[in-house]
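Q: Got a minute to go over the charged pairs in this one? I'll put it up here.
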Amino acid sequence: MWLLGYTLDNISLMALTVSVGFVVDDAIVMIENITRHIEDGMKPLEAAIHGAKQITFTVISISISLVAVFIPLLFMGGIIGRLFREFAVTLTVAIMVSMIVSLTVTPTFYAHLMTWRQRRGHNTQTSQHYGERIFAWLDEHYARGLNWVMRHQRLILFSTVLTVALTIALYIFVPKGFFPQQDTGLLLGTTQARTDISFAALKEKHLQAVKIVLADPAVAGMGSFVGTGGPIATGNEGRMFIALKPLDKRQDTADQVIARLRPKLSHIEGLATFLQGAQDIQIGGRSTRAQYQFVLWSESLEELQTWAPKFLAKLRSDSTVADLSSDMDAAGQQINITVDRDRAAQLGVTMETIDQVLQDAFAQRQVSVIYTPRNEYHVVLEVTKPYQQDVSALDHVFVKSATGEAVRLSAVAHFNMGTAPVSVRHQGQFPAATLSFNLPPGTALGDAADRIQKVGASIGMPADIHAEFAGSAKAFADSMRDEPLLILAAFVSIYIVLGVLYESTLHPVTIISTLPSAGVGALLALWMTGNDLSLISIIGVILLMGIVKKNGIMLVDFALMAERDGATPQDAVIDACRKRFRPIMMTTMAAVLGALPLALSLGNGGELRRPLGVAIVGGLLISQLLTLFTTPVVYLAMEKFSRARRSKLMEMTT
């Protein structure tokens, strides 16, 4: 990581945590195989040499096929690809180093340790530990189940196909999300009043919102400001930065705090308040009042001003979105001053004079700076406050003519009230309206995105008004489009690598048949724990594809070796299942325990890592129960198919 310029951050630390459960797999397989030969009576060094030779191809197959899973992640484009490339590279390097160590250091070190143990008088053949008794009990029951499976092979094959269908159904059914909603202990708030509100009135209403927020028992403190500046382009908005108490000192999550404050803040007349939880990963640079954005843009500003409010009004009645707002402000009031140029010329009043007088009276023009020994004071020229509140103040404005006489402004101009947009935002070079929204508790981003897409069609919005997601919502839409391709690419990568290693087109199918059961377990675990199928969960599913297929690799390798020694396919696969049962159980338990800290992630921001652990733990537990019985049946089916194909080819050649 240091050589590649990576840092220890949330992504790389997540990869290192996951790798703890992965990198021990090779060593477990190696040590277990050596131990089996020692138990059969071999000396430790002899068992190490023989066992390492026997298991080398299996370890290489497990490691290389696991690395193949990360190939789609390594070449994934866009912001998401750059984000998770560090994750994939860190895990890949850890796995390759583990493979090298397991093939060299591990058997050597273990052989010397066992030799030393025998010299100290420990009898490794007769010592029975509690863990070994558990494995013996499990092995006995597994043998019974395996015998039953061999008598009902068609039923097991049907259940394998059913598992594939169930995986697809769960993928469609489970709610989709982008990144898990985190509780980082920080809330971001925006207050918005009418466009024609004065600064003093805005300040007063904003302070009411501040008092309500500070009164909440979960809030530790906050900072806020109002008026233009920074991300605020208009004078009718304010910002709040709310720090929550540590998790061990409050009972509610950030989303629950927002849900509790939302109805209280809605009672402030003339002020809308929008709250969102600050996230560690935020895509896009738009400054909006909520976490997700949807943009309407058109070549015609007038048409956009007509349809954007209709779209917003229709969406407000939908329960899949919350804190809905638009940056296309309602038109603010303005005074249009029309100068009678002929009349002004007769009285000797120029347009420049009128502009200067209006600027001096109402534009808060800075005319000087007073310097003192300890401070400086800006001198701002304006009319007194009572003359700034009403349009009638213009009747008291005078301009100087060319002769030096004071001429009433109303003598050379007339006034009328009008409206104009406070600001016009753009998407590229076209006028645009950005609709921002949050998600109510229990609502997935995928459901909200589907609903928003349907709103435009339901109100008959014309085709020349374009609609698209922006920021995190756009990245989510892109990831949803790429997720099936990413999973398919992982399948293809595993198949190609296994096909090259085994020089076969059928044995990789046997190994890949273990993957659907992992998908079922992961999706069920996510659904039962209330987690969306987010981008983090997808990474967990892809990792599962690399972990789970090791069961199939170990079974296929030993079955092929037994067949080369003269055993029938059924006897070979049964013998492989019995001999490989213990290392399969051990490696799965190591991977589950390695992912368990992620599944139980606590503390600020733990929500980001939790779906990864849940997906891995759930997928491993379910796949372990299924693949130990389905893999031998699929192996025998592939062997029958291979023999039938060979016999058919021989008939055709003769």
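Q: So which residue does the side chain of aspartate 216 meet in a salt bridge?
A: Arginine 260, with N to O at 2.7 Å. Keep in mind that this is a predicted model.

Q: Where do aspartate 216 and arginine 260 sit in the chain?
A: They link distant parts of it, 44 residues apart. Aspartate 216 is in the loop between helix H7 (199–214) and strand E2 (219–226), while arginine 260 belongs to helix H8 (residues 254–265).

Q: Is aspartate 216 buried or exposed?
A: Aspartate 216 is buried, because its relative accessibility is 2% and the cut-off for buried is under 20%. Arginine 260 comes out as partly exposed, at 26%.

Q: OK, and which arginine does aspartate 252 form a salt bridge with?
A: Arginine 260 again, and there the closest N and O atoms are 2.3 Å apart. Aspartate 252 has a relative accessible area of 23%, so it counts as partly exposed.

Q: Switching spots: what does aspartate 360 pair with?
A: Aspartate 360 has a salt bridge to arginine 365, with 2.6 Å between the closest N and O atoms. Arginine 365 is partly exposed, its relative accessible area being 32%.

Q: Which residues are joined into one network by salt bridges that share partners?
A: Glu32, Glu39, Arg580 and Arg582.

Q: And how many salt bridges does the structure hold?
A: There are 12, including the one between aspartate 216 and arginine 260.

Note on methods: Residues are numbered from 1 along each chain as its sequence is written. This is a predicted model: local features need pLDDT of at least 70, side-chain atom pairs count only at pLDDT 80 or more; totals for chains, interfaces and linings use all residues. Side-chain values use heavy atoms; hydrogens and water are left out. A salt bridge is a side-chain nitrogen of Lys or Arg within 4 Å of a carboxyl oxygen of Asp or Glu. Helices (H or I, at least four residues) and strands (E, at least two) are DSSP runs, numbered from the N terminus. Buried means under 20% relative accessible area, exposed over 50%, partly exposed in between (1.4 Å probe, protein chains only).
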